[in-house]
Amino acid sequence: MTVRFEPAGDQGLYVRFEQRIDPAVNRRARRLARRLGEAEAASRGVREAIPSYAAVYVLFDPVRTSHGEVAELCAALLGQLDDRPQDAPRVYRLPVAYGGEFGPDLDDVARHCGLSPDEVVAVHAGTDYFIYFLGFTPGFPFLGGLSPRIAAPRLPTPRTRVPAGSVGIAGHQTGVYPVESPGGWRLIGRTPVPLYDPRRRPPVLLAAGHYLRFEPIEAAAYARIEAECRNGRYQIASEPYARGDAS
Amino acid sequence: MIEVLEPGLLTTVQDLGRYGHQRYGFSPAGAADPAALILGNRLVGNDPGAAALEITLLGPVLRFTQPAVIAVTGADLGAMLGETPVPVGTVVAAAAGEILRFRGGASGCRAYLCVAGGIDVPPVLGSRSTDLLGRVGGVEGRPLRAGDRLPVGAAHAAAVPGRRLRWTFVAEDPVELRVVLGPQRDHFPDETVEVLASGTYEVLPSSDRTGVRLRGPALARAREEVLSEGQALGAVQVPPDGQPIVLLAGRATVGGYPKLGVVVTPDVARLAQARPGDRVRFRIVTPEEALRIYRDWWSRLHGDEVLAAPGEPDRPIAPADPAPSGAAGGPAQPVAPGERAGAAEGAGRAIVRAPFAGIFYDRPNPQARPYVRPGDRVEAGATVGLIEIMKSFYEVTAERAGMVRAVLVENEQPVEAGQPLLELVGGVAAGEAAEDVEGSTRSSP
């Protein structure tokens, strides 16, 4: 598998794998990032590693080390990675209200894709999405497996505010905004379940290496589940991931 | 305890950031101008990364319920303790009940209020910084509100009222940002790199802690979307409209707009002081140069030269930033006391000399009158000129009172270290031998 090391400014290095959304590529990125979070890397000046689909951004202390030394460390760690699949992934089932006030860009996405809004919803909710990594805001899952039939580009200029729980599409990616934030994704629905709750331990609901499925609900169910979440009574459903290659 | 009477435009608790949790989506946050935070903390005797208040443009109104030792660094936003102006970069003591407010300033964007003992809100995941995106840390993950009460920690080192910084941050126009090309350099045609290196960009009002939004020559992209990946501080992000966004401390951990380059950390700190309407330009540097720039900056921030104790005779220091490559003359060499040329020429006469090489200005700005003219009487400590070096301005002051007999250099004249600038007479006690007076340098408020 090809790897490139790219300096970023004065305190970063990108380890870049083949740029595609692929669980096997992502597994290497996540596992490299995990090794970079351990004591050996810290002792050599690595402060943090952020895994993503097909890359790891490595933050290092420029006083103690350099781009070149960090690249050498990463190359050594890559040579030691275990490529076996992960055991026992789960599928989290997330209720989502689609369209209308919950998804202001659903009609645009449907038009762009040559489908009806209902067809977009059926395609979107018909897949178990692999959770490649978390990022952007606490607990935000980056998902893979979006059907090319409903891929749509980001907004030309990002919105400065996207409501919490919004479900969006950008290019060939789909995801959920855990908190209100700026964003350039096309919004097609919203979930009432908080994916990040600072009162909860752990505060982040999802984990990379597992799966997420969206289940369409009506506005009335949205309000009911939202109330249950506020009262701390809602439990997200999940089941073992049954088919195909695990992460 | 510090009581918030009015919150100001955007005031948040910040330290040097929350690291180790970006992989779960926790933005590092932290001070947008970490240099100002570090210097302020050092002034009041805190650990360099202690939590402080980051103040944006229009400052808060705060009351100290107990005596506190404080310093304000970064932009001069018109800090007032009671009826007394608080000079930027100087330690002052606030009495119990005293009120700190900000009248506003003409330039710069962010000031830091550092208190001996630090702002003692509960840390979250190892940091007191406020992540406004994730609503984490500081005071409930949000900006300060009227009615907030901020605990102050116990001071653990002797803070010295009157201690001051030896240099100041001066608003620049345009701000020059040194940038390393990448990580998506190959998503852009070569012409775009030329546009970046030659264009002038204006800071837009929609800028915030997540990033500075710029308007200027569009940066054309060769390819469309990229996969979301980790984002560096200072990344030059290019949306489809070609108008770049330079990411600051409050950025999201990952993003999918291509990044043409990453600005070096010291210049991100300077960019954090740009206000809407200010202009920026970019200069491309190599990764190796970027490392050197960072290391020099970091060592100066933590070195001894930046602080002067009250009453300590001023001595010249090396400039704040290393010389940009190709700058004439390179970094100034400090003048050691034994190297000053010229003996006293007679009782009562004193020569003010340049403490290091730079450009001498006889007035605060081109439209103003000169600080002094021959025949003027000056007090001890009065500013008699400026020396510009590496985009910073040092106030040259008279160490003794006297009368200006002659100004020996022209406005905007390059001067060498040790070069005579002014001649003063009088103000020397009878019987005391006149001696050369090293022009003292003092941070300008």
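The exercises below, each with a worked solution, concern a predicted model with chains A and B.

**Exercise 1. The interface**

Task: Establish how many residues the contact takes from chain B and from chain A, and what area is buried between the two chains.

Solution: Begin with the residues, of which the contact takes 47 from chain B and 55 from chain A. Next take the area, bearing in mind that the size of an interface is often given as the accessible area lost when the parts come together. Between chain B and chain A about 4000 Å² is buried, and carbon and sulfur atoms give 57% of this area. Then turn to the pairs that span the interface: the rule finds 14 residue pairs in polar contact, both residues of a pair being at pLDDT 80 or more. On the side of chain B that touches chain A, the elements that give two or more residues are strand 13 (175-181), strand 16 (229-230), strand 20 (259-263), helix 3 (265-271) and helix 4 (287-301) of chain B. The largest share of that side, six residues, is the contribution of helix 4 of chain B. Sorted by character, the residues of this side comprise 25 nonpolar, 12 polar and 10 charged.

**Exercise 2. A salt bridge between the chains**

Task: Determine how many salt bridges the rule finds across the interface of chain B and chain A, and explain why the pair B:D186 and A:R4 joins two chains.

Solution: Across the interface of chain B and chain A, the rule finds two salt bridges. In one salt bridge the side chains of B:D186 and A:R4 meet, at 3.8 Å from N to O, which satisfies the cut-off of 4 Å. The structure holds 31 salt bridges over all chains. To place the two partners, note that B:D186 lies in the loop between strand 13 and helix 2 (190-198) of chain B, whereas A:R4 lies in strand 1 (residues 4-8) of chain A, so the pair joins two chains. As to accessibility, B:D186 counts as partly exposed at 40%, and A:R4 likewise counts as partly exposed at 43%.

For comparison, consider two further pairs. A:R35 forms a salt bridge with A:E38, with the closest N and O atoms 3.1 Å apart; A:R35 is partly exposed, with a relative accessible area of 22%, and A:E38 counts as partly exposed at 37%. In chain B, the side chains of B:D120 and B:R128 meet in a salt bridge at 3.1 Å, N to O. B:D120 counts as partly exposed at 35% relative accessibility, and B:R128 is partly exposed at 25%. Finally, salt bridges that share partners join A:R4, A:E6, A:R16, B:D186 and B:E229 into one network.

**Exercise 3. The nonpolar cores**

Task: Find which residues touch the most other members of the largest nonpolar core, and which elements give two or more residues to this core.

Solution: The largest nonpolar core has 52 residues, and those that touch the most other members are A:V15, A:F17, A:L32, A:L36, A:V56, A:V58 and A:F142. The elements that give two or more residues to this core are, in chain A, strand 2 (12-16), helix 1 (23-36), strand 3 (46-51), strand 4 (55-60), helix 3 (67-78) and strand 6 (129-134), together with strand 18 (245-247) of chain B. Helix 3 of chain A provides the largest share, six residues. Looking at one member, and leaving aside residues up to four places away in sequence, A:V15 touches residues including A:V3, A:L32, A:V56, A:V58, A:C74 and A:L78. A second, separate core of 41 residues includes A:A110, A:L146, A:A152 and A:A221.

**Exercise 4. Backbone features**

Task: Locate the cis peptide bond from B:G182 to B:P183, and decide whether A:F136 is buried or exposed.

Solution: The peptide bond from B:G182 to B:P183 is cis, with omega near 5°, and B:P183 lies in the loop between strand 13 and helix 2 of chain B. A:F136, although not a glycine, has a positive phi of about 80°, and this residue lies in the loop between strand 6 and strand 7 (141-144) of chain A. Since its relative accessible area is 15%, A:F136 is buried. B:L57, which is not a glycine either, has a positive phi of about 60°, and its place is in the loop between strand 3 (52-56) and strand 4 (61-64) of chain B.

Notes
Residues are numbered from 1 along each chain as its sequence is written. Chains are lettered from A and ligands numbered from 1 in the order in which they are written. This is a predicted model: local features need pLDDT of at least 70, side-chain atom pairs count only at pLDDT 80 or more; totals for chains, interfaces and linings use all residues. Side-chain values use heavy atoms; hydrogens and water are left out. A nonpolar core is a set of buried Ala, Val, Leu, Ile, Met, Phe, Trp, Tyr and Cys residues joined through side-chain atoms within 4.5 Å. Buried means under 20% relative accessible area, exposed over 50%, partly exposed in between (1.4 Å probe, protein chains only). Helices (H or I, at least four residues) and strands (E, at least two) are DSSP runs, numbered from the N terminus. Contact means heavy atoms within 4.5 Å. Buried area is the accessible area (1.4 Å probe) that two parts lose on being put together, summed over both. A polar contact is a pair of N or O atoms within 3.5 Å; within protein, one must be able to donate a hydrogen and the other to accept it, and residues adjacent in sequence count only if both atoms are side-chain atoms. Ala, Val, Leu, Ile, Met, Phe, Trp, Tyr, Cys and Pro count as nonpolar, Asp, Glu, Lys and Arg as charged, and the others, Gly among them, as polar.
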